[in-house]
Amino acid sequence: MEKKPSGTAGYHDNASHLAEQYESIRFEDVHRDVLHLFPDELCDVLDIGAGSGRDAAALALKGHSVVAVEPTEGLRNEGKKRHPLPNLEWVDDHLPGLSATRKRNKGFGLILLTAVWMHLTTDERRDAMQALSELLLPAGRIIMSLRHGPVPEGRQMFDVSAQETIDLAARFGLMNRHVGKRQDMFDRSDVSWSLVVLEKIQAVDIRVHKHGKPA
């Protein structure tokens, strides 16, 4: 069995408190700077590290079919209790491998990682980006936020820059569509966030005529 990453440390025992904290902020406020980059048409959505399900539920209520991946049992149970929606499915899985999700042989038009990426080590980020690229449909998007600031006691976090993330994504066929910054939603003066939106490059079909010129 694949070992769960230590990035989940500190979440299970505080699940109820964390769920209250997460749910105190609206989806529209958390993602206000990138709302225009969310898909207009209905699609399959993968919310990785879905927490209490705030974002997954918001997208499900818009009509999307959502798979919420959450490795912490306490948070997963909070999400199921708070958001019992028919088009929102909860899965016990985790980065970097996402083995259970990949076994489903399903592609996604949107992958969401809110306050997740900074929990992964350098090697885990490389493996995770490959997994994300393989799960993302052509022209699909990844919307993620990166935390900057002191690491809370008992947690594993790394200060990962937006540029490092964009450079890594390019190795796996993902191009940058947006990069931005915002202040912390809980008014912590020593915490800030980077917002990164990646898009999977579509393969170009170049057919050549017998004279050697593109069709």
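**Strands and Helices of a Predicted Model**

Modeller: Ile-48 stands opposite Leu-113 in strand 4. This is a predicted model, and the remarks below all concern it.

Colleague: How do you know that strand 1 and strand 4 pair?

Modeller: Pairing requires at least two bridges between two strands. Four bridges join strand 1 to strand 4 (residues 108–113), and the two run parallel. Four meets the requirement of at least two, so the strands count as paired.

Colleague: Which helix packs on the sheet, and which strands does it touch?

Modeller: Helix 6 (residues 122–135) packs on the sheet and touches strand 1, strand 4, strand 5 (136–148), strand 6 and strand 7 (192–200). The direction of helix 6 makes about 145 degrees with that of strand 5.

Colleague: What makes strand 2 a partner of strand 1?

Modeller: The bridges again decide the matter. Strand 1 and strand 2 (residues 65–69) are linked by five bridges in the parallel sense, where at least two are required. Within this pairing, Leu-46 has Val-67 of strand 2 as its bridge partner. In general, strands of a sheet pair through backbone hydrogen bonds, either parallel or antiparallel.

Colleague: In what order do the strands of the open sheet lie?

Modeller: The seven strands have the order 3-2-1-4-5-7-6, and their pairing is mixed.

Colleague: What makes strand 3 and strand 6 edge strands?

Modeller: Strand 3 (88–91) and strand 6 (174–183) each pair on one side only. On average, neighbouring strands of the sheet are turned by 15 degrees against each other, direction ignored.

Colleague: How many residues of strand 1 are buried?

Modeller: Four of the five residues of strand 1 (residues 44–48) are buried, and the strand is mostly covered.

Colleague: Why is Ser-133 called buried?

Modeller: Ser-133 lies in helix 6. Its relative accessible area is 8%, and a residue is buried when this value is under 20%. Since 8% is under 20%, Ser-133 is therefore buried. Leaving aside neighbours within four places in sequence, Ser-133 is in contact with Phe-172, Leu-174 and Lys-200.

Colleague: Why is helix 6 called oblique to helix 7?

Modeller: The axes of helix 6 and helix 7 (residues 162–170) come within 10 Å and cross at roughly 50 degrees. An angle under 35 degrees would be roughly parallel, and one from 65 to 115 roughly perpendicular. The crossing angle belongs to neither class, so helix 6 is oblique to helix 7. The crossing is right-handed. Arg-125, Arg-126 and Met-129 of helix 6 make the contact with Glu-164, Thr-165, Leu-168 and Ala-169 of helix 7. These residues divide into three nonpolar, one polar and three charged.

Colleague: What makes helix 1 oblique to helix 4?

Modeller: The reasoning follows the angle once more. The axes of helix 1 (residues 15–23) and helix 4 (residues 73–82) come within 9 Å and cross at roughly 50 degrees. This value is not under 35 degrees and does not fall in 65 to 115, so helix 1 is oblique to helix 4. Their crossing is right-handed. Among the residues that make the contact are Leu-18 and Tyr-22 of helix 1 and Leu-75 and Arg-82 of helix 4. The contact residues comprise five nonpolar, two polar and four charged.

Colleague: Which residues of helix 4 are buried, and what covers them?

Modeller: Gly-74, Leu-75, Arg-76, Glu-78 and Gly-79 are buried in helix 4. Their cover includes helix 1 and strand 3.

Notes. Residues are numbered from 1 along each chain as its sequence is written. This is a predicted model: local features need pLDDT of at least 70, side-chain atom pairs count only at pLDDT 80 or more; totals for chains, interfaces and linings use all residues. Side-chain values use heavy atoms; hydrogens and water are left out. Axes are lines fitted to C-alpha atoms, for helices over the stretch in contact, and angles run from 0 to 180 degrees between N-to-C directions. Angles under 35 degrees count as roughly parallel, over 145 as roughly antiparallel, 65 to 115 as roughly perpendicular and the rest as oblique. A crossing is left-handed if the near helix is turned anticlockwise from the far one by less than a right angle, and right-handed if clockwise. Contact means heavy atoms within 4.5 Å. Ala, Val, Leu, Ile, Met, Phe, Trp, Tyr, Cys and Pro count as nonpolar, Asp, Glu, Lys and Arg as charged, and the others, Gly among them, as polar. Buried means under 20% relative accessible area, exposed over 50%, partly exposed in between (1.4 Å probe, protein chains only).
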